[in-house]
Amino acid sequence: MDYIISNIRLLAGEDLELVRNKAVWVKDGIIHEVISDSEIPEGALVHDGRGHLLIPGLIDLHIHMMWDGSADPVATLELEGYEQMLIRAVANCRHYLEHGITTVRDIGSVDDIALHVAKSIRRGLVPGPDVIASGKTLTMTGGHDPFWARFVDGKDEALKGVREQIYKGAQVIKVSATGGAYGRDEGEQVGHSELNPEELQTIANEAHRFGLKVASHAIGRDGIRNSLLAGIDTIEHGHYLDDELVALMKERGAAWIPTLYVYQQLASMKEIPEYAKEKAREITEIHAAAFKKYFNSGVLVGAGSDAGSPGTSHHALKDELYAMHELMPDTKAVLKTATVNAGKILDMNVGRIEKGYKADLILLAGNPIDDLSHLDKVNQVFKDGEIVVNHGLSNIKVEAI
Ligand SMILES: [Zn+2]
């Protein structure tokens, strides 16, 4: 596979800089070179982008592929059963590609379903984005999200838990450092810390020893602090971040995946179970204030939708970006959270158009930096250089880019 995408505009490099008269040379699934139109070698195979905008494939850092995004996904599971859930996970992966999402991180799935789906995608059995999956979440007994937890108590069990997940093929480790909103009706509070510092430290050390990063569900202050001191790599949600914690994040190089949209949905949707709605309502304003205050604080912020969760579809990455944009008018900075920043957080060669990066790309009929809603105008999606979604480049009118 060796061809050149030309007749395009593109958002190039780390700055997502709009450039014209450039072409992208794709070879063996990788961006071989970004060249000037005038440098296209004679006889090269050329893919005509028809004036569209080429941007990096989008990255969602927090999903649950096996959930259905209804008001109560756990109820769906109980009603429909295990086999439907597995098939749904596979179908949802196709859905990500349709929306230009070419990399996802699945951090929590019943019986490690996401590990198996991730493997099937890698083997080419089913279509889907690159999936970096944790499988089960490491949680204290009775802790947050018990439905997909691997309960661990004490240092020895924490060590065994993390080793088990690595053995089963996890590429990231997920822990619950605090309670949550939707996890459980009784006995769980967002402010309570769960896994203790020693357990978190054991998990982080062992994961890092094998080159895996650790993502921590952390809403309340103590749990965020415990996670950071243990050397955890990403704080998921992070509602109660404050100056001291943000300073600690910077010192430790931890990143933040705020997941604003899902909590807005939990707090506002009519059909959400009442206990979850109440808990979410208490924290959405705190969340928004933290986001406004710390988005530009120097902490790396990545986009995660919590897709599959209550009221959160499998293309809710865009809703997450819109939610960020409500609080942060800089569209380019917002778009970076789902491209450049997310690639950095994963420490993978994804999320930007630059030599050596994966040819995971989308052709859009408008520029999302002018208006984020142009992300809905996905016309073609390239995964490892192959066109995996094709709506026909002539079908959508191209906005002046
Ligand atoms: Zn989640």
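**Talking through a predicted model**

Mentor: Let's start with contacts in this predicted model. Of those between residues at least 6 apart in sequence, 69% join residues at least 24 apart.

Trainee: What makes two residues count as being in contact?

Mentor: They need heavy atoms within 4.5 Å of each other. S134 gives you an example: leaving out residues up to four places away in sequence, its contacts include D106, L115, Q165 and K174.

Trainee: Where does S134 sit along the chain?

Mentor: In the loop between β8 (130-133) and β9 (137-139).

Trainee: And why is S134 called buried?

Mentor: Buried means under 20% relative accessible area. S134 comes out at 0%, so the label fits. Across the protein, buried residues account for 59% of the 401.

Trainee: Which residues hold the zinc ion, and how do you know that they count as donors?

Mentor: They are H62 and H64, each through NE2, and D306 through OD, at 2.1 to 2.2 Å. The cut-off for a donor to this metal is 2.8 Å, so these atoms pass.

Trainee: What spacing do the donors follow along the chain?

Mentor: The pattern is H-x1-H-x241-D. H62 belongs to strand β6 (residues 58-63), while D306 falls in the loop between α9 (274-294) and α10 (317-327), so this pair ties together parts that lie 244 residues apart in sequence. H62 and D306 are both buried, too.

Trainee: What sheet does β6 belong to?

Mentor: An open one of three strands, ordered β6-β7-β8, with parallel pairing.

Trainee: Why are β6 and β8 called edge strands?

Mentor: Each of them pairs on one side only. On average, neighbouring strands in this sheet are turned by 15° against each other, ignoring direction.

Trainee: How do you know that β6 and β7 pair?

Mentor: Pairing takes at least two bridges. β6 and strand β7 (residues 101-106) have four, so they qualify, and they run in the parallel sense. For one residue of the strand, D60, the bridge partner in β7 is V104. Helix α3 (residues 113-122) packs on this sheet, where it touches β7 and β8, and its direction makes about 150° with that of β8.

Trainee: What about β9: which sheet is that strand in?

Mentor: An open sheet of six strands, running β10-β9-β11-β12-β13-β14, again with parallel pairing. At its edges stand β10 (149-151) and β14 (255-257), each with a single partner strand, so one side of each has no neighbour in the sheet. From one strand to the next, the twist averages 30°.

Trainee: What makes β9 and β11 a pair?

Mentor: They share two bridges, and at least two are needed, so they just meet the rule. T137 stands opposite K174 in β11. Helix α4 (residues 154-167) lies across β9, β10 and β11, at about 145° to β10.

Trainee: Zooming out, how many helices and strands are there?

Mentor: The protein has 12 helices and 17 strands.

Trainee: Why is the protein called as compact as a globular protein of its length?

Mentor: The radius of gyration is 21 Å, and for 401 residues the globule rule also gives 21 Å, so the description holds. The C-alpha trace spans about 65 × 40 × 40 Å along its principal axes. As for the outside, the accessible surface is about 15,500 Å², and carbon and sulfur atoms supply 47% of that.

Methods: Residues numbered from 1 in each chain as written. Predicted model: local features only at pLDDT ≥ 70, side-chain atom pairs only at ≥ 80, totals over all residues. Heavy atoms only, no water. Donors = N, O, S within 2.8 Å, 3.2 Å for Na, K, Ca; no water. Buried < 20%, exposed > 50% of the residue type's maximum accessible area, 1.4 Å probe, protein only. Axes fitted to C-alpha atoms, helices over the stretch in contact; angles between N-to-C directions. Rg over C-alpha atoms; globule rule 2.2 N^0.38 Å. Areas by Shrake-Rupley, 256 points an atom, 1.4 Å probe, with all protein chains shown as cover.
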